[in-house]
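Please look through the structure shown here before reading on. The paragraphs that follow take its sheets and ligand surroundings in turn.

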Amino acid sequence: MKPVIALVGRPNVGKSTLFNRLTRSRDAIVADFAGLTRDRHYGNGKQGKHEYIVIDTGGFEPTAESGIYKEMAKQTRQAVAEADVVIFVVDARGGLSAQDHDIGNYLRRLGKPCVLAANKAEGMHDGQQLVEFFELGLGEVHAVSAAHGQGVRTLVELALAPLNLPDEPEDDAGSEPGVIRLAVAGRPNVGKSTLINTWLGEERLVAFDMPGTTRDAISVPFERHGQRFELIDTAGLRRRGKVFEAIEKFSVVKTLQAIESAHVVLLLLDATQGVTDQDAHIAGYILESGRAVVLAVNKWDAVDAYQRELVQRSIETRLPFLKFAALHFISAKKRQGIGPLWGAIAQAYKAAMCKMSTPVLTRLLLEAVQFQSPKRSGMFRPKMRYAHQGGMNPPIIVIHGNSLDHVTEAYKRFLEGRFRKEFDLAGTPLRIEMRTSA
Ligand code: GDP
Ligand code: GDP
């Protein structure tokens, strides 16, 4: 599971600016997808080998009694509770305020690892200005400038240090070969527990023992028609005895962690609601994480023909970036349409793990170029030479050649379509990277 860093501090100290710095590495990937809504409060970041989730908590007034401030304080407390480490941001220029003291007291009592960052410290060579922040009793004060990127790397290192992260990313190391790790994701009330309980109640499912899973772990290994699955702890769900039940609080962090540790995510939508903002956010995270996806619209029994049409249209307009995913219409309650989900999940897994050889990729690339060559852009004509596979889950195809910076998005989509068809990649995102040698 990726560690979670929460950014806490009063308004205007530079939390969002720092958030953008910490999550920037992923923006480039996501920017290309039209229609993708991003929740600016949660993001993925990476430094060196270590990946992490960052939460920007907005403005925090721990003593706020009413209205929006109270709500913000509640959300911040939840974020802090879910975080592994807190970065407490103060304003090096504005100096220490009463609010900083309140937040500092709160964090000290909490006893969670906490790093104190004095932001807007660019050009401050004299440590004198930061001395007052020692009063907070949170130890060392670290001068950073989020706007200029100064001290940010060190800050992340310090934040991650107490967590003793392994040097090698976990990747697939923890999983049994041949076992598909599945997460059922979705907003509260879309029918996640109903679906899972319906599934687990089928006699075709056989539980099996898997090394490393304890009885308490909230992951359920089972087998169906010879294929092994591991249903992983899904946000908002708890296992109680033999059945799953929804817990009242929806946790974005748990959703993100479940998505990250899955091979395939089954994203459930509610036909009676259409695609909501929260659905689009979750879909955005799945895409960003590169996981294979199956989309299922639940409660199909509860809507009439007109509503069905609306739902289908809202999926097309709001989730166009998930076009690669299989789309199923189901009723978990009436047990309709849920059998075929297994095939779609297995297909998505197979696609995510697809192996593509360099000769075959290169042949396909050159055939595609011959069919339609990339457009000249000013003085530059992109020249594609060969392609190789740069990764799995999601598959990454790296194209080598010259002037490839000038290849248009439309052309990349054309290539993507060709590769998808040839390798049967339904269900998985596909990343195409251009490596240019001139
Ligand atoms: P938040 O309310 O804590 O999320 O703060 P923002 O990130 O919105 O920043 C508040 C203001 O401080 C904005 O005008 C930023 O441009 C500015 N700011 C953020 N980081 C820095 C910094 O490192 N140096 C300076 N001088 N200004 C900064
Ligand atoms: P979760 O919060 O995503 O786990 O959702 P639940 O499984 O608890 O379901 C929320 C509500 O939707 C419950 O009242 C279920 O009975 C209802 N529900 C779940 N699946 C269906 C379905 O296929 N059709 C209809 N009409 N209702 C459903």
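A good place to begin is strand β1 (residues 4–8), which is joined to strand β3 (residues 50–56) by four bridges, with the two strands running parallel. Within this part of the model, which is predicted, Leu-7 stands opposite Asp-56 in β3.

Strands β1 and β3 belong to an open sheet of six strands, whose order is β2-β3-β1-β4-β5-β6 and whose pairing is mixed. The edges are taken by β2 (42–47) and β6 (141–143); each of them has a single partner strand, so one side of each is left without a neighbour in the sheet. On average, neighbouring strands here are turned by 30° against each other, with direction ignored. As a general point, the strands of a sheet pair through backbone hydrogen bonds, and they do so either parallel or antiparallel.

A helix also belongs to this picture. Helix α4 (residues 152–160) lies across β1, β2, β3, β4 (85–91), β5 (114–119) and β6. Its direction is at about 165° to β5.

Next come the surroundings of ligand 1. This ligand is surrounded by 16 residues, and the closest are Gly-14, Lys-15, Ser-16, Thr-17 and Ala-147. Which helix gives the most to the shell around ligand 1? It is helix α1 (residues 15–31), with three residues. Sorted by class, the shell of ligand 1 holds nine polar, four nonpolar and three charged residues.

Ligand 2 can be described along the same lines. Around ligand 2 there are 17 residues, of which Gly-191, Lys-192, Ser-193, Thr-194 and Lys-333 come nearest. Helix α5 (residues 192–200) gives the most to this shell, again in the form of three residues. The classes in the shell around ligand 2 are eight polar, five nonpolar and four charged residues.

Further along the chain is an open sheet of three strands, in the order β16-β17-β18 and with mixed pairing. Its edge strands are β16 (383–391) and β18 (431–436), each of which pairs on one side only. Neighbouring strands of this sheet are turned against each other by 25° on average, direction ignored. Strand β17 (residues 396–402) pairs with β18 in the parallel sense, over six bridges, and Ile-397 stands opposite Ile-432 in β18. This sheet, too, has a helix lying across some of its strands: helix α10 (residues 358–371) lies across β16 and β17 and runs at about 140° to β16.

How values were computed
Residues numbered from 1 in each chain as written. Chains lettered and ligands numbered in written order. Predicted model: local features only at pLDDT ≥ 70, side-chain atom pairs only at ≥ 80, totals over all residues. Near = placed C-beta within 6 Å. Nonpolar A, V, L, I, M, F, W, Y, C, P; charged D, E, K, R; others polar. Pairing = 2+ DSSP bridges. Axes fitted to C-alpha atoms, helices over the stretch in contact; angles between N-to-C directions. Contact = placed C-beta atoms within 7 Å.
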